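The following exercises are intended for a reader new to this structure. Each task is followed by a solution that proceeds step by step.

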Amino acid sequence: MSATLIDGKARAAALRETVAVAVARLKDDAGLEPGLAVVLVGEDPASKVYVSNKIRLTRECGMRSIEHILPEATSQADLIALVEKLNADPGIDGILVQMPLPAHIDSDAVVLAIDPAKDVDGLHPVNAGRIVLGKPGLVPCTPQGCVILAKEALAEKNGGDLSGLNALVVGRSILVGKPVALLLQNENCTVTMAHSRTRDLETVCRQADILVAAVGRAQMIKGDWIKPGACVIDVGINRIAAPERGEGKTRLVGDVDFETAVEVAGQITPVPGGVGPMTIACLLANTVRAACRRRGLAEPDLG
């Protein structure tokens, strides 16, 4: 058996196209051009790449992109003052402060300063609480992408209805593990949360119809841990040595041992090219949702 690859790049491109169509209609019908403000503090190379991609794709979808690139030494007070300024700006619909922040800044305090209605990263406690309550809110982008991919991967099998399926989330972070577990519960899955200290994790994994790996350990979950035919969503992004590519070379792998898992799973996301591209696409969709909600407009169907 060889699993069907879940093409996150293609699904993300389709979602971005849907967002672009929705933005064009908002401009024509309501004179509305959604605006996303991205704030980067410091010179972290990965963060600079992420921010650059977010800016480019925001503009490609027809939205306004406002960038604030701040020096590493920026104080927490100055950063929060900028966030408060963006909160008050009626032309800004979404605010994203790129993480991680420099060590001298309390990221929790910065997230709390963001207006929940503009929190397109879905990290504010108000939006987290809405997920718990099953109420509409701005959902964290990576967990949102995981559920979209799982539903579409299983569309042929059960029409995308996840009701009654056993879902296992390996990882309990506030960024991915906890919110994706809640989202799967809201899809009527029977959800188990596990982590690196779960007893007999291999047996727990073998019971899952949907397995979301978000534990942050390279290739931790082996193929023989996976239930035959299960849908595997690998959120992990780990860089490991790749001596076969030359001295000092590395490659990206997930939290799942892909080479063995692909022979057992029914559907599986690759790394890279799986969940990652969905994160920015969902961010753009959240910006459109925020723009509509703030103005009392009907939300477009973004899937």
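**Exercise 1: Helix α11**

Of the 20 residues of α11, 14 are buried, so the helix is largely enclosed by the rest of the structure. Here buried means under 20% relative accessible area, exposed over 50%, and partly exposed in between (1.4 Å probe, protein chains only). The model is a predicted one, in which local features need pLDDT of at least 70 and side-chain atom pairs count only at pLDDT 80 or more, while totals for chains, interfaces and linings use all residues. Residues are numbered from 1 along each chain as its sequence is written, and side-chain values use heavy atoms, with hydrogens and water left out.

Task: Determine what span is expected for helix α11, and what follows the helix.

Solution. Helices (H or I, at least four residues) and strands (E, at least two) are DSSP runs, numbered from the N terminus. The expected span of a helix is 1.5 Å times one less than its number of residues. For the 20 residues of α11 (residues 276-295), 28 Å is expected, and the helix reaches 30 Å from its first C-alpha to its last. Just after α11, G296 takes a positive phi of about 70°.

**Exercise 2: The two sides of helix α3**

Task: State which residues of α3 are buried and where they lie around the axis.

Solution. The buried residues are L79, I80, L82, V83, L86 and N87. These residues cover an arc of only 155° around the axis, which puts them on the same side of α3; the arc is that of the directions from the helix axis to the C-beta atoms. On the other side of α3, A77, D78, K85 and A88 are exposed. The buried residues pack against β2 (35-41), β3 (64-70), β4 (94-97) and α4 (107-113), where contact means heavy atoms within 4.5 Å.

**Exercise 3: The open sheet**

Task: Give the order of the six strands and identify which of them stand at the edges.

Solution. Two strands pair if DSSP finds at least two bridges between them. The order is β1-β11-β8-β7-β5-β6, with parallel pairing. At the edges stand β1 (4-5) and β6 (190-194), each with a single partner strand, so one side of each is left without a neighbour in the sheet. Strand β5 (residues 166-170) is joined to β6 by five bridges, and A167 has V191 in β6 as its bridge partner. Between β5 and β7 there are four bridges, with V170 opposite A213 in β7. Four bridges also link β7 and β8 in the parallel sense; L211 is partnered by V232 in β8.

Task: Describe how the faces of β7 are covered.

Solution. In a regular strand the side chains alternate between the two faces of the sheet. In β7, I210 and V212 lie on one side and L211 and A213 on the other, and all are buried.

**Exercise 4: The surroundings of H124**

Task: Locate H124 and decide whether it is buried or exposed.

Solution. H124 is found in the loop between α4 and α5 (125-133). At 8% relative accessibility, H124 counts as buried. Not counting residues up to four places away in sequence, H124 touches V111, L112, I114, P116 and D119. A polar atom of the H124 side chain lies 3.0 Å from the backbone nitrogen of V126.

Methods. A polar contact is a pair of N or O atoms within 3.5 Å; within protein, one must be able to donate a hydrogen and the other to accept it, and residues adjacent in sequence count only if both atoms are side-chain atoms.
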